[in-house]
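I have a new model open and a blank notebook page. These are my jottings as I look things up.

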Amino acid sequence: MEWLNPYHLQVASFVLINAILGVSIYVTLSTGQLSLGNAGFMSIGAYTAALLSTQHQVPIPAGILAGSLLAGAAGSWSASRHFGFPASTSPSPRSDSARSSGPFSSTGSR
């Protein structure tokens, strides 16, 4: 298996990793939204897997699993911070009457 040298394996790995990232970005772009969070969460998982494999001698499949779990947890935490999950039941600081009156409202006097 002369074609299976380390250089070809590295190039094939980079191609497949970037194909996965490209598909994940395509999914969000097809909805009309631009999200660079895919690359950020991918980097969290890749960095975690690399550190566990090289510095702590964790087997590569276990490092990849741990990296993907950490990236998923970071994504869940980010979504909960952004969207406010679980839904808060506290009233908003502005009441409905404060929202409907103002210089740009249609009900205000001119």
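**Notes on helices and a pocket**

I began with the end of helix 2: Gln-57 follows this helix, and its phi is positive, near 50 degrees. Before going on, I noted that this is a predicted model, where local features need pLDDT of at least 70, side-chain atom pairs count only at pLDDT 80 or more, and totals for chains, interfaces and linings use all residues. Residues are numbered from 1 along each chain as its sequence is written, and side-chain values use heavy atoms, with hydrogens and water left out.

**Overall layout.** I looked up the secondary structure and found four helices and zero strands. Along the sequence the pattern reads α-α-α-α. Helices here are DSSP runs (H or I, at least four residues) and strands are runs of E (at least two), numbered from the N terminus. Of the 110 residues in the protein, 9% are buried. For that I use under 20% relative accessible area as buried, over 50% as exposed and anything in between as partly exposed (1.4 Å probe, protein chains only).

**Helix 2.** I checked its length next. Helix 2 covers residues 37-55, and at 1.5 Å a residue its 19 residues should span 27 Å; the end C-alpha atoms are 26 Å apart, so the two agree. The expected span is 1.5 Å times one less than the number of residues.

Which residues of helix 2 are buried? I get Asn-38, Gly-45, Thr-48 and Ala-49. They cover an arc of only 110 degrees around the axis, which means they sit on the same side of helix 2. The arc is taken from the directions from the helix axis to the C-beta atoms. On the other side of helix 2, I find Tyr-47, Thr-54 and Gln-55 exposed. As for what covers the buried ones, helix 1 (6-29) and helix 3 (60-83) are included.

**Thr-48.** I picked out this residue of helix 2. Thr-48 has 15% relative accessibility, so it counts as buried. Leaving out residues up to four places away in sequence, Thr-48 touches Ala-66, Gly-67 and Leu-70; contact means heavy atoms within 4.5 Å. I also checked the C-alpha atoms of Thr-48 and Gly-67: they are separated by 5.0 Å, with the two positions 19 residues apart along the chain counted as their distance apart.

**Helix 3.** The same length check works here: 24 residues at 1.5 Å each should span 34 Å, and the end C-alpha atoms are 34 Å apart, which agrees. I list Gly-63, Gly-67 and Ala-71 as its buried residues, and helix 2 is included in what covers them. Gly-84 comes after helix 3, with a positive phi near 75 degrees.

**The largest pocket.** I noted a volume of about 460 Å³ for the largest pocket. Its lining has 18 residues, and Ile-17, Met-42, Gly-45, Ala-46 and Ile-64 lie nearest its centre. Which helix gives the most to this lining? Helix 2 does, with eight residues. Helix 1, helix 2 and helix 3 each supply at least two. By class I have eleven nonpolar, seven polar and no charged residues in the lining. A pocket is an open set of points on a 1 Å grid over the protein atoms alone, where a 1.4 Å probe fits, with protein on both sides within 12 Å along at least five of seven lines; lining residues have an atom within 4 Å of a point. Gly counts as polar; Asp, Glu, Lys and Arg as charged.

Conventions:
Points joined across faces, edges and corners; volume = space filled by probe spheres on them.
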